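Q: I have a protein model open beside its sequence, and I would like to learn how to read it one feature at a time. Could we go through it together?

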Amino acid sequence: MEKPMSYVQKHRSITQQRLANFLTGGQWKDVNIHASLNEAVARGHPSIELELWSAQAQERPTFAHAAEQQFSPIDVGHVFGPSWTTHWVRATIRIPKEFAGKQVRLMFDPSCEAMVWSAEGEPLQGITGSNDLGSRTDFILTSKARPDEAVRILYLEVACNGMFGNGESPNIAPPLENRQFTLKTAELAVWNADARALLQELTILRAIAKALPSDSPRAWQALATANEVINIYTVGDQKSIAAARAVSAKFFADKGGESNHQVYAIGNCHIDTAWLWPYDETKRKIARSWASQVDLMDRFPEYRFAASQAQQFEWLQTLYPSLFERVKEKAKAGQFIPIGGTWIEMDCNLPSGESLARQFLLGQRYFEKHFGVRSKIFWLPDTFGYSSQIPQIIRLSGSEYFYTQKLSWNNINKFPHTTFNWVGLDGSSVLTHMSPAETYTAGVSVEDLIGSLGKHKDVAYTNESLYLYGHGDGGGGPLADMLERLRYMGDVDGLPRVKHAHPNEFYEHVDKTAKGLVTWSGELYFELHRGTYTSQANTKKGNRQAELLLRDVEMLSVLAQSTAHGFAYPAAELERIWKLVCLNQFHDVLPGSSIEMVYRDCDVIYADVLGSAKAMKESAVMALFSHVAALSADTATGMLFVNTTGWPRTDVVAVPGLGCGDVQQMRKRDNARLVVAAAVPSCGVSVVDASSDTNTTGDSSIVPAGVYMDSDGNVVLENIFITAKIGSTNGQLVSLWDRRLERELVPQGAAGNVFRLHDDVPIFWDGWDIEIYNLEKFVELPGSKVTIVDEGPLLASVCVEVAISEQSRLRQWISLSATSPRLDFDCDVDWHENRKCLKVAFTWDIRSDMATYDTQFGVVQRPTHRNTSWEMAKFEVCAHKFADLSEYGYGVALLNDCKYGYSTLGSTMALSLLRAPKAPDANCDMGHHSFRYAVYPHKGSFNESSVVREAYQFNVPLVQLPVDVTTIDAVGIAPFFAVKDAPNVVIDTVKAAEDDARSVVIRLYESYGGHARATLTTSLKVARAQLTNILEEHISGAGVTASAAGTSSIKLSFRPFEIVTVKLDLNV
Ligand SMILES: [Zn+2]
């Protein structure tokens, strides 16, 4: 008899179709592999009975609370809802006798997320309903049922949200209020392990046949093997499955060899700490996801899983202590890998330098305390851009390596490197890898592995890559079938070699073996999500205020503790507050890309943070100055000012608390009295005697500021430094004349303070993106009314009213004090727009190819032109307190008190003020806003200016305390801290040491990009000074010189943009 021939090579596409049909459900499921996947199933009474108790409203009760409640019977088909509610299902399970000897699973599919709990209250495993991609609906009841199995009870905590919250398609839409979830399945099942293994083998064979070049012998072998397997398989014949597996085993036995690309696979479940769900749901997502992963670690001893964000570990520790202990055991065994080193996976554009330092300080200390390890890798797969100081901060925080992949989302330029050395502002370098699979939620597919090889841009230098797999964003993580597939992929011809590994192993190997890696210098600018510098304005304002208020609190508390008896540094409360500030810096919260519920939580958190910080500040100030503080406003005869910036400063200050003496000036807007706080020393104190008039025009050194109308109908604000003309019909800055240099800054026909209302309709990511084409389409909004408010002598101001639209309006006060060339703009806005962006633009008679932007512990330069696509991509950029446009000899800075989005084109610099996206928060930024910006013209280029100081002063007001001047001996107290000989060195932070609150930690940085030799002086009695890293660990000693005047001096040297941390042990 003639042997039947195989038609594979003659009919490739037909064979591929045959294979596809064999693997999918649907119309052929009763004759293909799906007909064999279960050995037995038991449904309904008596095998499984269900009862229900539903929690009130959006409450998320504990197990203990839920288990005590009255439950009533339900059945499959029950509908859970509405969105965000919680329902506890009690399942009574009787395993049928005929299941004896078998592994038995509970199949439970509520269509949404759920947690399986034991009757004793132990969280066992997460459930993800089949509505979601990462569906996980099976739970192993026993690996070998006994014939006399006892009745068992399980609880299922059903949470009415999907993996991606409750948005309609697309899932970034605002959440639905009344989403319903149907209980689709509740049954007991015995799986056919061989049939399921065959399904995995055929899935891999099919993918290899498809992914390799069609003329490759290995692709043909894969297809022929699969075809033969289908020929052997017979439904209902277990022996045929074994025979088929023997055929596929031969294919997998062929090795690929040593020269193949090596993939280091690491499981993960990216859990956004808040995004399309609130923080409280995240706490449950962590438990669900990690419980599932701990279970997989039991079943797959080779499995390695990494999880970041110390905050998530702390929540687990507090809310799920027994699960936390299991995680710790798995960490000890090397399977569960705490990673990342930071408190949460934060945004890296918006937080201040000190915030980034605190993210590491809190994160690394937590991991070290609870897991005995510090993360060597800064792990940030999903953050929207990486500022240029990160390499130095990583190095100073005990890490060496950096991981991300987000730049693969760039929408203009393809990032050209995969494995490279990233060099930051100060020259610090970190080995960086961006996984070529371009995702952190890979599915362990052949397509990924082969495809990512083609996307690896540095294989010539290093033939290996990191592969992050597992469902994520909403958590979930790897599924068992991913781990099963990995068992076939270790070393098989046709695929890269894949191994489970700690990510350190990958980096250390590359570090040792890679030759000639390229270098990328400066920021890793993310060419997408440029709207995140502006969306959710109140959260950004809360963050800026919190950062700077905490700066004051810590410095004043250190001083109070060091100089006042009985004051204890509030270390525990400061740690609590810093954790909250860091929490809100999560990469979907501070950037403004979360749902409305998240921002209601943020409002509560910032109220707590700012309330507590103000109280701490007040108690530190009172401890420092209680002996001079006035008992009441009536007994105050003067005002004490504390300057927390590290240089002397002179401000015109509104003092609402001062009710005595001659009224020098009432400012109409807030009815405050104005005084001049002159030359308040660096980190020091001065007192203004309200009874004397040395602070008004009586002081010959102060030339009054004034306001008048000129012959062209402009309102003119003028002081000794500048003359600013405001168009009385439009509120725009039509002229800015520097009286010192006799120079006009506004070009003929141009203007400043021009409000532009842009269309703001991005391609998809509404809350995230400002798109380049929106810069083309805008209207200019002229002011409708300009009125003079303050006429001097200390402050001159005008009010401008601007109609933004029929629904929205803006009022601003433009003011000029007698003592500064800075022109301030205080704004109140009622904002009710739809996909609009409000910018304010200033055009200057200044020519430069580069503008300078404030960033963490330094500045970064970016182009003002659009020569290439890389420069064009930076059409909207992030800056902190200022941006500056300078040429040789002169420049102007645009300062702000809570904004972050700038765009500079040619000689026009614009600041983004407000946006109005509608997803994922339908009400984003609607309502009232107040914010400030300022124009600061300066002699010299940026490097010769004092813009850095001015921007601090604009953001950090002098601390005020009403005092009785008769009780004060000397007006003016020596600086607590100062920097001599280096105007480019900034004292950024003064705090108590983490491990010894009696020691003082001072963080300084070089702010302009040059070397410096500085002398730090302090009036505190210093016994010992040492240089430390951000974790406050000793690097080297520093010499202390004590002077006769009782001050101590410490000599410090800086390289450009270097961050220097000094720890002082004091003589007590
Ligand atoms: Zn994320």
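**Reading the backbone, the metal site and the packing**

A: Let us begin with Cys-683, which sits in the loop between β25 (673-680) and β26 (684-689). Please keep in mind throughout that this is a predicted model.

Q: What is the phi of Cys-683, and is Cys-683 buried or exposed?

A: Phi is a backbone angle, and here its sign deserves a look, for Cys-683 has a positive phi of about 40 degrees although it is not a glycine. As for its surroundings, Cys-683 counts as buried, with 1% relative accessibility.

Q: Which other residue, not a glycine, has a positive phi, and where does Ala-57 lie?

A: Ala-57 has a phi near 40 degrees, again a positive value in a residue other than glycine, and its place is in the loop between β2 (48-54) and α2 (63-67). Ala-57 is exposed, at a relative accessible area of 56%, whereas Cys-683 is buried.

Q: Which peptide bonds are cis?

A: The angle to read is omega. One cis peptide bond joins Gly-792 and Pro-793, where omega is about 5 degrees, and Pro-793 belongs to the loop between β34 (783-791) and β35 (795-803). Another cis bond runs from Ala-919 to Pro-920, with omega near 5 degrees, and Pro-920 is found in the loop between β45 (908-915) and β46 (927-939).

Q: Which protein residues are the donors of the zinc ion?

A: To read a metal site, one begins with the atoms that face the metal and then turns to their angles. The protein donors of the zinc ion are NE2 of His-270, an OD atom of Asp-272, an OD atom of Asp-382 and NE2 of His-587, at 1.9 to 2.1 Å from the ion.

Q: How is the geometry of the site described?

A: For four tetrahedral donors the ideal angle at a metal is 109.5 degrees. In this model the angles among the 4 donor atoms of the zinc ion go from 89 to 155 degrees, and the site is irregular; four donors would count as tetrahedral if all angles lay between 85 and 135 degrees.

Q: How are the donor residues spaced in sequence, and which parts does the pair Asp-382 and His-587 tie together?

A: The spacing of the donor residues is H-x1-D-x109-D-x204-H. Asp-382 is in the loop between β16 (377-379) and α10 (390-396), while His-587 is in the loop between α15 (571-583) and α16 (596-625), so this pair ties together parts lying 205 residues apart in sequence. Both are covered, since Asp-382 is buried with a relative accessible area of 4% and His-587 is buried at 0%.

Q: How far does helix α3 reach, and which of its residues are buried?

A: An α-helix has 3.6 residues a turn, so residues three or four places apart point the same way. Helix α3 (residues 193-211) has 19 residues and reaches 27 Å from its first C-alpha to its last, close to the 27 Å expected at 1.5 Å a residue. Its buried residues include Ala-195, Leu-198, Leu-202 and Leu-205, and among the elements covering the buried residues of α3 are α1 (12-23), α4 (217-232) and α5 (238-252). At the start of α3, a side-chain oxygen of Asn-192 comes within 3.3 Å of the backbone nitrogen of Asp-194.

Q: Why is helix α6 described as largely enclosed?

A: Here one counts the covered residues: 17 of the 21 residues of α6 are buried, so the helix is largely enclosed by the rest of the structure.

Q: Which faces of strand β20 are covered, and how does strand β13 run beside β20?

A: A strand has two sides, and each can be read separately. Both faces of β20 are covered, with Glu-464, Leu-466 and Leu-468 buried on one side and Ser-465, Tyr-467 and Tyr-469 buried on the other. Strand β13 (residues 262-268) runs parallel to β20 and is joined to it by 6 bridges, and Tyr-264 has Leu-466 as its bridge partner in β20.

Q: Where is Phe-305, and which residues does Phe-305 touch?

A: Phe-305 is in strand β14 (residues 305-307) and is buried, at a relative accessible area of 0%. Leaving aside residues up to four places away in sequence, Phe-305 touches several residues, including Ile-266, Trp-290, Phe-336 and Pro-478.

Note on methods: Residues are numbered from 1 along each chain as its sequence is written. This is a predicted model: local features need pLDDT of at least 70, side-chain atom pairs count only at pLDDT 80 or more; totals for chains, interfaces and linings use all residues. Side-chain values use heavy atoms; hydrogens and water are left out. Donors are N, O and S atoms within 2.8 Å of the metal (3.2 Å for Na, K and Ca); water is not among the atoms, so sites may look incomplete. Four donors count as tetrahedral if all angles lie between 85 and 135 degrees; four count as square planar and six as octahedral if opposite donors are over 155 degrees apart and all others between 65 and 115; anything else is irregular. Helices (H or I, at least four residues) and strands (E, at least two) are DSSP runs, numbered from the N terminus. Buried means under 20% relative accessible area, exposed over 50%, partly exposed in between (1.4 Å probe, protein chains only). Contact means heavy atoms within 4.5 Å. Two strands pair if DSSP finds at least two bridges between them. The expected span of a helix is 1.5 Å times one less than its number of residues. A polar contact is a pair of N or O atoms within 3.5 Å; within protein, one must be able to donate a hydrogen and the other to accept it, and residues adjacent in sequence count only if both atoms are side-chain atoms.
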